[in-house]
2 protein chains.
Amino acid sequence: MTRARLAKAVDLTRPAVSDLVDRLIAARLVVEAAPESVDRAGRPGVPLLPAPGSFIGVGVDVAVDHIGVRALDLAGTLVTERIVEGDFRSSEPLAMLERVTSLTELVVAQLDSLNATVAGVCLSVPGLTDPQGGIVRYAPNLGWREFDALAVLRRSARLRDLTLEVGNDANLAARAEARHRSRATGGSRLDQNFLFVSGEVGIGGAIVLGGDLATGLHGWSGEIGHSVLDPAGPQCRCGATGCLEQYAGKDAILRRAHLPANTSVSRLLARARAGNSQATAALTEAAEALGLASSSSLNLLDLDAVVLGGFYAQLFDVLGPLVADIINQRVLAARWVPVRVESAVSGDYASLSGAALRVVDRVVAHPAPWLAPR
Amino acid sequence: MTRARLAKAVDLTRPAVSDLVDRLIAARLVVEAAPESVDRAGRPGVPLLPAPGSFIGVGVDVAVDHIGVRALDLAGTLVTERIVEGDFRSSEPLAMLERVTSLTELVVAQLDSLNATVAGVCLSVPGLTDPQGGIVRYAPNLGWREFDALAVLRRSARLRDLTLEVGNDANLAARAEARHRSRATGGSRLDQNFLFVSGEVGIGGAIVLGGDLATGLHGWSGEIGHSVLDPAGPQCRCGATGCLEQYAGKDAILRRAHLPANTSVSRLLARARAGNSQATAALTEAAEALGLASSSSLNLLDLDAVVLGGFYAQLFDVLGPLVADIINQRVLAARWVPVRVESAVSGDYASLSGAALRVVDRVVAHPAPWLAPR
DNA sequence: CGATTTTGTTCGTCCCCGGAACAAACAAAC
DNA sequence: GTTTGTTTGTTCCGGGGACGAACAAAATCG
């Protein structure tokens, strides 16, 4: 992207963007790259890039099977990360957060030594969070309730003065997914529109509209895992009955496949591929449940794509076509605009990347605090 | 609202708003009202009001049981209307639209004679529409498919040059509802957030977020009527099975109450109040279905209110509490922020008002075309 | 090498808003 | 009735940001 092309894209004059770009360069948010050779007449433009390694978003992930810290720069490239695998079901929130806090301190110290500016820290939690206050309302798989997570981070002198934030893991993963997709297709962030459904221990979800997350009124949107499929169905941890999670959650699938609760997804997939009837039945039922819940959701939201993330991405070859069939039969608008069902492309620990990107995106959206005061 | 209060509300200085208000007054969009007596020290401000009778939004409604035209000014007050009741199920689209076109011409002629500026015309249709092109994709209850509705309006020399638009009836009714609610509570339009569910022949829906309609990618959002409740349930007109509409649509309720299909809602209500077991059972089942579908929707959307419109408003005393119970049991976030279930307050022919308000709202949101060029 | 094309910058101008000061219109106090 | 304090709306000046025109720079094409 050059100044001239930027001017056309945002509908400003070249002098106007030149002025703005100069300020961004002065603030070290943007750098000029080496001129690219074009075989077109006219003076070649100077490519502009988000400055590598200058401003850093730090994502922190607290999940059932790992904790981790990841640092991404404005370009979204990895600077450092620390990930510790483990089993954190029903963990003690305080101990777990203290551990992740020290990991974060290490990363931030390293970034300081690299002369990078940490723009903020975002904590990803698998549950309902209160983004302003930093409180985790309810994280069923961790067994947390009404816990002030950011207060723990704020005990660290190194982290206290940074901008801290909490967010839902599925929402953050969807953010990473949206970025990866606009990169992959070369298209604009603005035409990313999809329902993100992520298979974890529970089922997370998020709504991406125009490249942005539709967070709802309190930031709790996307809880597709508790769509009702059958009010007479099995009891869910949420208190209700027959939720999608009870048909397509990891525990539910393994139970229906008559496999132990700690079986890996790849083993489940291998069983199904080998023709094990219980495994295939479990996956088929999960796909049907996913298809039904997604159909209702899409009728409500009017989106034209569903992205399956988490462990659904591993199972995509099996689940995807079944889900797509059901959706395109049941979604009213699919006759005019077919619904695409696709696998997530955002790699491992998507919510961790998403948390870091949350910070980066805020800098990009509101660079004013980082600019010279004029 | 005075200039000074406006300045505080939008965070500008008084001189800035004074300048803008002057332009709006010059364009006849705003008028100064008589000074109100206040028992507070200081110079009293000059109340500013949307100019009455100057700019008019014209709403046109094409429904199963009536056609109509309604003209509202910037303040939302009625200027004129023409409504014709009738049975238009499986109507001939061309004939029906020609009839409504001549009604519209009458209204527009009258507005011209009143020296009012018609800011545009919006046509409300019970179905999926293509707002840009003016095409009605699918209106099941009217029996329309792929019909270019605006083309018919454009045949009229009087209407041709106006800004014409088509919209979904439930979405437009939700717009009217949002306006009525912010008026009723005296609050800002911006804190209107609710899921609107309207009982008609089918079931319409819409999502209001921050006072604005969340239209989705193509303007087809809100189709809660085709949420799945039971994939093994009865066949729906939409092609799928077990949709909400088959449990809580008007036809479905009457069928389950063992009443003829043309029975009025008030008669159904009377039966239920009189203790007729079939009628109460039908309404109970409808309420449960509504509650389940709404629960899934709210889990997905993170809203804290459901507004029941259409004939559900008449049945609210019966349906409301049942729906509220189910929702507050099943919606995850309801433990922190209880979900309110309320009856619509926007009176008869809400979609007709909504269509007119759609035009008015566009003028308010983008007044530039109506201002003097400087 | 000159003509053409595209890019980025410089300069003058205009629009919009902020800040300060001022006049106007009220209530309350004396 | 007059004074004082308060709030409103206006006038005037200044500055930031964007536009338009012109110009310099760096490439390709003939």
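## A first look at chains A and B and their DNA

Chain A is built from 13 helices and 15 strands. Keep in mind as you look around that this is a predicted model.

Let's start with overall proportions. Measured out along its principal axes, the C-alpha trace of chain A covers about 65 × 55 × 40 Å. A compact globule with 374 residues would have a radius of gyration near 21 Å, and chain A comes in at 22 Å, so the two agree. Some 48% of the 374 residues of chain A count as buried. If you take the contacts in chain A between residues at least 6 apart in sequence, 62% of them link residues at least 24 apart.

**Domains of chain A**

The domain assignment splits chain A into domain 1 (3–39 + 46–50), domain 2 (55–171 + 351–370) and domain 3 (193–343). Between the centres of domain 2 and domain 3 of chain A, taken over C-alpha atoms, there are 27 Å. Where these two meet, domain 2 of chain A puts in 10 residues and domain 3 of chain A puts in 14. On the domain 2 side, the elements giving two or more residues are β7 (128–130) and α6 (169–185) of chain A. Of these, α6(A) gives the most, with 3 residues. That side of domain 2 is made up of 6 nonpolar, 3 polar and 1 charged residues.

**A helix worth finding**

Helix α13 of chain A runs over residues 350–365. How far apart should its ends be? At 1.5 Å a residue, its 16 residues should span 22 Å, and the end C-alpha atoms are 21 Å apart, which agrees. Is α13(A) largely enclosed or largely open? Since 13 of its 16 residues are buried, α13(A) is largely enclosed by the rest of the structure.

**Where the DNA sits**

There are two DNA strands to look at, C and D. Around strand C you will find 26 residues, and those that come nearest are A:Ser18, A:Gly42, A:Arg43, A:Gly45 and B:Arg43. Strand D is likewise surrounded by 26 residues, the closest being A:Ala16, A:Arg43, B:Ser18, B:Gly42 and B:Arg43. For strand D, two or more residues each come from α2 (14–26) of chain A and from α1 (3–10) and α2 (14–26) of chain B. For strand C, the elements that each supply at least two residues are α1 (3–10) and α2 of chain A, along with α2 of chain B.

Here are the two surfaces laid out:

| Surface | Largest share | Residues by class |
|---|---|---|
| near DNA strand C | α2(B), 4 residues | 11 nonpolar, 6 polar, 9 charged |
| near DNA strand D | α2(A), 4 residues | 11 nonpolar, 6 polar, 9 charged |

**Where the two chains touch**

The contact between the chains takes 33 residues from chain B and 33 residues from chain A. On the chain B side, α10 (277–301) and α12 (316–330) are the elements that give two or more residues. The largest share of that side, 7 residues, belongs to α10(B). By class, the chain B side divides into 16 nonpolar, 12 polar and 5 charged residues.

**Three residues to zoom in on**

First up is A:Phe88, which sits in the loop between β5 (78–85) and α3 (93–113) of chain A. Is A:Phe88 buried or exposed? A:Phe88 counts as buried because it has 20 C-beta neighbours inside 10 Å, and 20 or more is the cut-off for buried. Leaving out residues up to four places away in sequence, A:Phe88 touches A:Val64, A:Ile67, A:Met96 and A:Leu142. A:Ala63 is 25 residues away from A:Phe88 in sequence, yet their C-alpha atoms are 7.1 Å apart in space.

The other two are about backbone angles. Most residues other than glycine have a negative phi. A:Asp11 is not a glycine, but has a positive phi of about 60°. Look for A:Asp11 in the loop between α1 and α2 of chain A. With 7 C-beta neighbours inside 10 Å, A:Asp11 counts as exposed.

A:Arg28 also has a positive phi, near 65°. Its place is in the loop between α2 and β1 (30–32) of chain A. A:Arg28 has 15 C-beta neighbours inside 10 Å, so it counts as partly exposed.

How values were computed. Residues numbered from 1 in each chain as written. Chains lettered and ligands numbered in written order. Predicted model: local features only at pLDDT ≥ 70, side-chain atom pairs only at ≥ 80, totals over all residues. Expected span 1.5 Å × (residues − 1). Buried ≥ 20, exposed ≤ 12 C-beta atoms within 10 Å, placed from the backbone. Near = placed C-beta within 6 Å. Nonpolar A, V, L, I, M, F, W, Y, C, P; charged D, E, K, R; others polar. Contact = placed C-beta atoms within 7 Å. Rg over C-alpha atoms; globule rule 2.2 N^0.38 Å. Domains from an automatic or database assignment.
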